[in-house]
Amino acid sequence: MGNAWLIYLLLINVFTLTLFGYDKDMAEKGKRRVSEKTLLTFTFLGGTLGALVGMRMYKHKTNKASFQFKFILTVIAQVVIYYFTFRR
């Protein structure tokens with residue numbers, strides 16, 4: 001189970017990072033974007049590190065206060081769920 005979890009986290013974070021990069025590219029080209037809901041969903045599903053790296057690397061969604069607020073709420077929700085799921 002441990003290896004499967006690590007592989008999942010690696011894949012979801014790489015995918016989330018790629019999604020942030022793709023959205024930034026589409027934004028610069030004025031094309032159809034990835035919804036914030038989708039970005040936050042993949043963040044919530046374990047792609048937090050990928051999202052953070054993507055926001056910094058691509059300088060994407062870093063100045064949008066409403067997204068930053070939702071991002072922080074997503075991370076807090078993850079921590080709370082993790083705590084109540086895995087505490088002994």
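Two residues count as being in contact when heavy atoms of one lie within 4.5 Å of heavy atoms of the other. With that in hand, Met-26 makes a handy starting point in this predicted model. Met-26 sits in helix H1, and apart from residues up to four places away in sequence, it touches Lys-31, Arg-32 and Arg-33. Its relative accessibility is 9%, so Met-26 counts as buried, the cut-off being under 20%.

The helix around Met-26 comes next. H1 runs through residues 2-29 and has 28 residues. From its first C-alpha to its last, H1 reaches 41 Å, which is close to the 40 Å expected at 1.5 Å a residue. Besides Met-26, the buried residues of H1 are Ile-12, Asn-13, Thr-16, Leu-19, Phe-20, Gly-21 and Asp-23. What do these buried residues of H1 pack against? Their partners are H2 and H3. Right after H1 comes Gly-30, and its phi is positive, near 70°.

Helix H2 is another story. H2 covers residues 36-57 and holds 22 residues, yet its end C-alpha atoms are only 18 Å apart. A straight helix would reach 32 Å at 1.5 Å a residue, so H2 falls short of that span. Where does H2 bend? The bend is at Gly-47, and it amounts to about 125°. Gly-47 is itself on the list of buried residues in H2, together with Glu-36, Leu-39, Leu-40, Thr-43, Gly-46, Thr-48, Gly-50, Ala-51, Gly-54 and Met-55. These buried residues of H2 pack against H1 and H3. Just past the end of H2, Lys-59 also takes a positive phi, here about 50°.

Now for the inside of the model. The largest nonpolar core has 9 residues in all: Leu-19, Phe-20, Val-34, Leu-39, Leu-40, Ala-51, Met-55, Phe-67 and Phe-71. Each of H1, H2 and H3 supplies at least two residues of this core. Which helix gives the largest share? That is H2, with 4 residues. One member of the core, Met-55, shows how the pieces come together. Setting aside neighbours within four places in sequence, Met-55 is in contact with Phe-20, Phe-67 and Phe-71, and also with His-60, Lys-61, Thr-62 and Gln-68.

Charged residues have their own set of links. Side chains of opposite charge can pair when their charged atoms come close. How many salt bridges does a search of the whole structure find? The search turns up 5. One of them joins the side chains of Asp-23 and Arg-33, at 2.9 Å from N to O. Asp-23 lies in H1 and Arg-33 in the loop between H1 and H2, so this pair ties together parts that are 10 residues apart in sequence. Are the two partners buried or exposed? Asp-23 has 0% relative accessibility, so it counts as buried, while Arg-33 is partly exposed because its relative accessible area is 38%. Arg-33 has already come up here, as one of the residues that Met-26 touches.

Glu-36 turns up in more than one of these pairings. This residue lies in H2 and is buried, with a relative accessible area of 14%. Glu-36 forms a salt bridge with Lys-61, where the closest N and O atoms are 3.2 Å apart. That pair links distant parts of the chain, 25 residues apart, with Glu-36 in H2 and Lys-61 in the loop between H2 and helix H3 (65-86). Both Glu-36 and Lys-61 are buried.

The side chain of Glu-36 also meets that of Lys-70 in a salt bridge, at 3.4 Å from N to O. Here, too, distant parts of the chain are linked: Lys-70 is in H3 and Glu-36 in H2, 34 residues apart. Lys-70 has a relative accessibility of 36%, so it counts as partly exposed. The 3.4 Å link between the side chains of Glu-36 and Lys-70 shows up as a polar contact as well.

Taken together, Glu-36, Lys-61, Lys-64 and Lys-70 are linked in a network of salt bridges. The contacts of Glu-36 fit that picture: leaving aside neighbours within four places in sequence, Glu-36 is in contact with Lys-61, Lys-64 and Lys-70, and also with Phe-67. Phe-67 belongs to the largest nonpolar core as well.

Terms used:
Residues are numbered from 1 along each chain as its sequence is written. This is a predicted model: local features need pLDDT of at least 70, side-chain atom pairs count only at pLDDT 80 or more; totals for chains, interfaces and linings use all residues. Side-chain values use heavy atoms; hydrogens and water are left out. A salt bridge is a side-chain nitrogen of Lys or Arg within 4 Å of a carboxyl oxygen of Asp or Glu. Buried means under 20% relative accessible area, exposed over 50%, partly exposed in between (1.4 Å probe, protein chains only). A nonpolar core is a set of buried Ala, Val, Leu, Ile, Met, Phe, Trp, Tyr and Cys residues joined through side-chain atoms within 4.5 Å. The bend at a residue is the angle between axes fitted to the seven residues ending there and the seven starting there. A polar contact is a pair of N or O atoms within 3.5 Å; within protein, one must be able to donate a hydrogen and the other to accept it, and residues adjacent in sequence count only if both atoms are side-chain atoms.
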